[in-house]
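Me: I'm in my first year and still learning to read protein structures. Could you pick one part of this one and take me through it slowly?

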Amino acid sequence: MKRESRGIQSIEVGGELLRALARSGEPMMLRDLAREAGMTPAKAHPYLASFSRIGLIEQDETTGRYEIGALALELGLISLRRLSGVRIAGPKIAALASQIGHAVSLAVWGTHGPTVVQLEEPGQPVHIVMRAGSVMALLETATGRAFAAFLPEKTINAALESGLDRHGVGYNPKRAVKGAKVADMLAEVRKHGLARALGDPLPGVNAFSAPVFDHAGHVALVITAMGPEGTFDARWDSPIAHALRDCAGAISKRLGCGITVAAE
């Protein structure tokens, strides 16, 4: 029998207020919100005060009604963007893997940096040190470079300086995080609309990575195609490169982005 992790009961009790507000979908008075959550107004009020301070809920000064706050909205939007993007991209990267005959992965920007959420392998899988949940190093892998080239510079600089991806595949603790070499590498990614890795950091494996943009033009996902050096054509204008660009562009369009990465 699986043992339940120890939790904080007061948070779980307060969570009933958030659930009640979510079920309603409309701003609510304290007495109504408390009743729906199965507690008295006197018990509910301290929870609501704390939730207000951190932005989970807001109280209208005129009506006194409580509604979902800015933090709750932000968390919901992040969840929707990621879920919708991954759900849309999943079948398309499976089709791409079949089309090019090589492995294809899908990554999001996670807590520790570029994080693989799905891996599709062709009929004859290639040995790759990667699985769902793997974190990819920012400057050493094609997946990481695609994020580094197109995410806001402030975000990437903070991640690099803090060693956010220090447990990532290919991470090099001696790497330079700034300078002309790094700038030129990321400029090349922007120029081609793709990041490329040639046998490094995975010996004998080539890779291309393409960014997927959302409705606001922000990087939502990165798709990476990879395979053995002997059969993976890593020219910028290769059929693999074109197929990957087309796939990323199609997903970007589904996510509402009017910007597509143009082939060379």
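Reply: Let's take a close look at the sheet, and at strand β6 in particular, before a short look at some helices. Keep in mind that this is a predicted model.

Start with the whole sheet. It is open, and its five strands come in the order β4-β3-β7-β6-β5, with antiparallel pairing. The edges belong to β4 (113–120) and β5 (195–198); each has a single partner strand, so one side of each is left without a neighbour in the sheet. If you look from strand to strand, neighbours are turned by 25° against each other on average, ignoring direction.

At the β4 edge, the partner is β3, which covers residues 103–110. These two strands pair in the antiparallel sense over seven bridges. To find a spot where they face each other, look for G110, which stands opposite G113 in β4.

Now for β6 itself, residues 205–213. On one side in the sheet, β6 pairs with β5 in the antiparallel sense, over four bridges. One spot to look for here is A195, whose bridge partner in β6 is S209. β5 and β6 also form a hairpin, with six residues between them. In that turn, G199 has a positive phi of about 65°.

The other partner is β7 (219–228). β6 and β7 pair in the antiparallel sense too, this time over nine bridges. Try finding N206, which stands opposite G227 in β7. This pair forms a hairpin as well, with five residues between the strands, and G217 there takes a positive phi near 80°.

So much for the neighbours within the sheet; what about the faces? In a regular strand, side chains alternate between the two faces of the sheet. Both faces of β6 are covered. On one side you have V205, A207, S209, P211 and F213, and on the other N206, F208, A210 and V212, all of them buried. That's nine of the nine residues of β6, so the strand is largely enclosed by the rest of the structure. Helix α8 (residues 239–254) lies across β6 and β7, running at about 25° to β6.

Let's move on to the helices. Take α5 (residues 142–150) and α7 (residues 180–192): their axes come within 9 Å and cross at roughly 85°. That makes α5 roughly perpendicular to α7. From α5, the contact uses R145, A146, A148, A149 and F150, while α7 brings in M185, L186, V189 and R190. Sorted by class, this contact has seven nonpolar, no polar and two charged residues.

You can read another pair in the same way. The axes of α1 (residues 9–24) and α2 (residues 30–37) come within 8 Å and cross at roughly 110°. That makes α1 roughly perpendicular to α2. Here E16, L17, A20, L21 and R23 of α1 meet L33, A34, E36 and A37 of α2. By class, there are six nonpolar, no polar and three charged residues in this contact.

Last, a word on confidence. The protein chain averages a pLDDT of 87, and 90% of the residues score at least 70. Over residues 259–264, though, the pLDDT is below 50, and this stretch has 14 contacts in the model beyond near neighbours in sequence. Where pLDDT is low, the predicted coordinates should not be read in detail.

Methods: Residues are numbered from 1 along each chain as its sequence is written. Side-chain values use heavy atoms; hydrogens and water are left out. Two strands pair if DSSP finds at least two bridges between them. Axes are lines fitted to C-alpha atoms, for helices over the stretch in contact, and angles run from 0 to 180 degrees between N-to-C directions. Contact means heavy atoms within 4.5 Å. Angles under 35 degrees count as roughly parallel, over 145 as roughly antiparallel, 65 to 115 as roughly perpendicular and the rest as oblique. Ala, Val, Leu, Ile, Met, Phe, Trp, Tyr, Cys and Pro count as nonpolar, Asp, Glu, Lys and Arg as charged, and the others, Gly among them, as polar. Buried means under 20% relative accessible area, exposed over 50%, partly exposed in between (1.4 Å probe, protein chains only). pLDDT is the predictor's confidence in each residue, from 0 to 100.
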